[in-house]
Amino acid sequence: MAKRSTLFIRIVEGKNLPVKDISGSSDPYCIVRIDSEAIIRTATIWKTLSPFWGEEYHVNLPPSFHTVSFYVMDEDSLSRDDVIGKVSVAKEILASKPQGLDGWLNLTEIDPDEEVQGEIHLQISITKEETSRKLRCHVFEARDLARKDRNGASDPFVRVMYNGKMYETTVVKKSCYPRWNESFEFEIDETFADNTLIVEVWDWDLVSKNDFLGKVLFNISKLCSIQQEEDWFRLIPIKPKEREDEGNLGSLRLQLKLRDETILFSNYYQPLTELLCQAVKTNINCSQSDLIRLIDETTTAESRQEVATNLVKLFLGQGLAREFLDVLFKLELTKTSEPNTLFRSNSLASKSMESFLKVAGMQYLHHVLGPTVSRIFEEKKYVELDPSKVEIREAGCTGLHRVQTETEVIQQSTHYLQSYLTDLLHSILKSIRHCPPIVRSAFRQLYERVQERFPDKEFRKVKFIAVTSFLCLRFFSPAIMSPKLFHLREKHPDARTSRTLLLLAKTVQIIGNLDTLASRSKESWMVPLLPAVQQGIAQLKEFITQLVSFEEKEDLDLQDRLSLQSSSIIKEGYLFLHKTREKGMLISSPFKKYYVTLCNDTLSYAKTSSSKKSSFIVLSKIRAIEKVEEKSFGNSHVMQIISNDDNEQNEILYMQCKSVNELNQWLSALRKSCVHNNEMMSSYHPGVFKGDKWSCCHQKEKTASGCDKTQHGVTLQEWNDPLDPDLESQLIFMHLFRVKEAMREKYLAMTAEKDKRNNIGHAQDSQKNAVISQLFRVLQDLQDAHEDVKRSEKQKNKNFLQDLQT
């Protein structure tokens, strides 16, 4: 059994931001932090005070997180980036809004006294003597304190106060993971009104004022009944000050939705999984397949995309994705009388096929679109066909400039677009063998079902349009328009590149519709591309004919051919690596560039992508995947992989990334690939062992226990995440349980309609009711299991520490 939290984040836009540059504008971007950990950096939107990002993320979190914060920054190329303001949302606020939070939130100024992070390890006890009682506070250590000094660390000390008396620990220089191991005693005064023990952490400064690092408060009256308590306590900030600048720094529009999940053991979900699998294995007219129809007709528009994705992943894991999609194709076709509207609505069938392509076909999409999209980004050509938007530009070399006419700009733009389109169509035509077998199979099934439903000659194009409506309109075109959202590029395109991508995507949509008349009637300025569009339509039809006729090798097992994991490569790319040698001392040589490949069972690296792999780490031997302190290498985008060698000794591989996004993508991919590893470390050193000590906590033994807890619960959801059947079953259960009554009503209406139409007898009617009754019984059993878990957790989690800490 496991518990986890999933946070949906959509950073929509900002408005009324302050001017930070001498140009009278700003270059804003956002940094997202979960507690103190930076996990996301948005693209920079240049020269605007009202930026639009529209970036979406799903983050898997440990249930123990407290706050999600959004820092709006102004990027500067020559100096340090300016801080514009921040928005912080506590977990309690997100938990109180199960439907999610959507709105404008005012940015506030960053107060150093509120920028608090980390925990402190304390033991608090009360001892009785002959005539009095003593309060003892033992200060052991702290971890992950805020970095207040320019060297990337702090010089922390602790101040302990009670009953008017104050003690201070020694100062630990240049560490955010200090160890004190000091004790302080106080006389307990029963008459003292304010019976509170205050523990504060400060950063010592020689010249300027000491910086506040956080505090913990304890109610001594409640401690008297416990006598002694020891634990790690989260540091809290000073009480927030009144904001005079509220709203003056602009605001940020956010969409946030938190979902806490308790994942039961696999055997609890088996009955539900079996029931759903049986529903897609049976004939469309069988009563059991009515379950899929019920889910289709009771799923609301707001939840349809999520439900579709969960069902697709569940059936992919069961090897039944093709059968599931086939049931939906049949349901959609039975409801459609007008071919022109086929799969054009956001039905469960459309959303499921769309999700299926993103989950199973993303590598294929990268193979097809990647070269053309990269070429457009690199060339940065000015492309415009709409006369109302054409900018008259100068042409020619230095000294021979002349103004281009509108006609010349359009002719040149047509040439560029035709060139890009030719490249793209060539890539599509040559991609049949690169298309995953499971995707080819789904398109073949769709093609044949539509052909059966509309066999007449007048509808001969419909079967092609059914395929292109998904392949071109819902897969290729959105990826061309928004390459960052489909991981084709790390950054959003600038205005010029974005316009070129839009025109290319629009052309692909016209070709996907297999109709040149539409382009001439709606946007007549697209006419110059008409010959290329006509040629593209012919090529695309030929491609689809070959795609659905492709013969799979008979010697491969069906489940292997239709497996999602057709390629073992999970993530790859160039990174800079640095490996410890012998006793863990850092070698003097700098990071070296390698091509790193993460597969299902190994992490390997070589000089280039085509070179023989020079070294590798078996994933099962990895014990921790964590970030490294910035001060260790002077770079905040470094991670470490701690693994066991053949002698069961720890080895550390340091990996340097280009950005916070790349760092977290690699962290997430590795953490998810090692999620089932045994003997994962619970603590680690965020610094490096250099000279004769760890740079983080200053311990002198290389084998000393870690000074910070591992964060392996924080991951970003990606399209190529390993399938998790228990999680998908849990999410489907939650949806079905919410719509249980709607399903019951709908099922009764469907049964009455069928009986009336077909004059079905009582015996068959009872058989149908048995199916729906079985589903409701399974849902109730799962709900009862969750209630049992909640009751047992309440008994376990009776923690007197929560009462003690105020």
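**Exercise 1. Find the stretch of this predicted model in which pLDDT stays under 50, and state how many contacts the model has for it.**

Solution. In this predicted model, pLDDT stays under 50 over residues 554–567. For these residues the model has 19 contacts beyond four places in sequence. As a setting for that stretch, the protein chain averages a pLDDT of 86, and 88% of the residues score at least 70.

**Exercise 2. Work out the strand order of the open sheet that contains S19 to S25, and name its edge strands.**

Solution. Begin with the order, which is S22-S21-S20-S19-S25-S24-S23, seven strands with antiparallel pairing. The edges are strand S22 (615–618) and strand S23 (622–627), each of which pairs on one side only. Neighbouring strands of this sheet are turned by 30° against each other on average, when direction is ignored. At the S22 edge, strand S21 (residues 602–606) is joined to S22 by four bridges, and threonine 602 of this region stands opposite valine 618 in S22.

**Exercise 3. Locate leucine 619 and decide whether it is buried or exposed.**

Solution. The first step is the position: leucine 619 is found in the loop between S22 and S23. The second step is the accessibility, where the cut-off for buried is under 20% relative accessible area; leucine 619 has 3% and therefore counts as buried. The third step is to look at its surroundings, leaving aside residues up to four places away in sequence: leucine 619 touches, among others, Leu598, Thr602, Leu670 and Cys674. The C-alpha atoms of leucine 619 and cysteine 674 are separated by 6.4 Å, although the two residues lie 55 residues apart along the chain.

**Exercise 4. Determine which residues stand opposite serine 251 in S16.**

Solution. Take strand S1 (residues 2–15), which is joined to strand S16 (residues 251–263) by 13 bridges and runs antiparallel to it; here lysine 15 stands opposite serine 251. Then take strand S7 (residues 101–106), which also runs antiparallel to S16 and is joined to it by six bridges; here asparagine 106 stands opposite serine 251.

**Exercise 5. Describe the setting of asparagine 181 and of histidine 487, each of which has a positive phi of about 60° although it is not a glycine.**

Solution. Asparagine 181 is found in strand S12 (residues 179–187), and with a relative accessible area of 53% it is exposed. Histidine 487, by contrast, has its place in the loop between helix H11 (462–481) and helix H12 (495–513), and with a relative accessible area of 34% it is partly exposed.

**Exercise 6. Of the 37 salt bridges found in the whole structure, examine those of glutamate 115, glutamate 354 and arginine 375.**

Solution. The side chain of glutamate 115 meets that of lysine 86 at 2.7 Å, N to O. Glutamate 115 lies in the loop between S7 and strand S8 (119–128) and lysine 86 in strand S6 (residues 82–90), so the pair ties together parts that are 29 residues apart in sequence. Lysine 86 counts as buried, at 10% relative accessibility.

Glutamate 354 forms a salt bridge with arginine 474, with the closest N and O atoms 2.9 Å apart. This pair links helix H7 (residues 348–360) to helix H11 across 120 residues. Glutamate 354 is buried at 12% relative accessibility, and arginine 474 is buried at 13%.

Arginine 375 meets aspartate 423 at 2.5 Å, N to O, and the pair links helix H8 (residues 362–379) to helix H9 (residues 406–429). Arginine 375 is partly exposed at 21% relative accessibility, and aspartate 423 is partly exposed at 34%.

Technical notes. Residues are numbered from 1 along each chain as its sequence is written. This is a predicted model: local features need pLDDT of at least 70, side-chain atom pairs count only at pLDDT 80 or more; totals for chains, interfaces and linings use all residues. Side-chain values use heavy atoms; hydrogens and water are left out. pLDDT is the predictor's confidence in each residue, from 0 to 100. Contact means heavy atoms within 4.5 Å. Two strands pair if DSSP finds at least two bridges between them. Helices (H or I, at least four residues) and strands (E, at least two) are DSSP runs, numbered from the N terminus. Axes are lines fitted to C-alpha atoms, for helices over the stretch in contact, and angles run from 0 to 180 degrees between N-to-C directions. Buried means under 20% relative accessible area, exposed over 50%, partly exposed in between (1.4 Å probe, protein chains only). A salt bridge is a side-chain nitrogen of Lys or Arg within 4 Å of a carboxyl oxygen of Asp or Glu.
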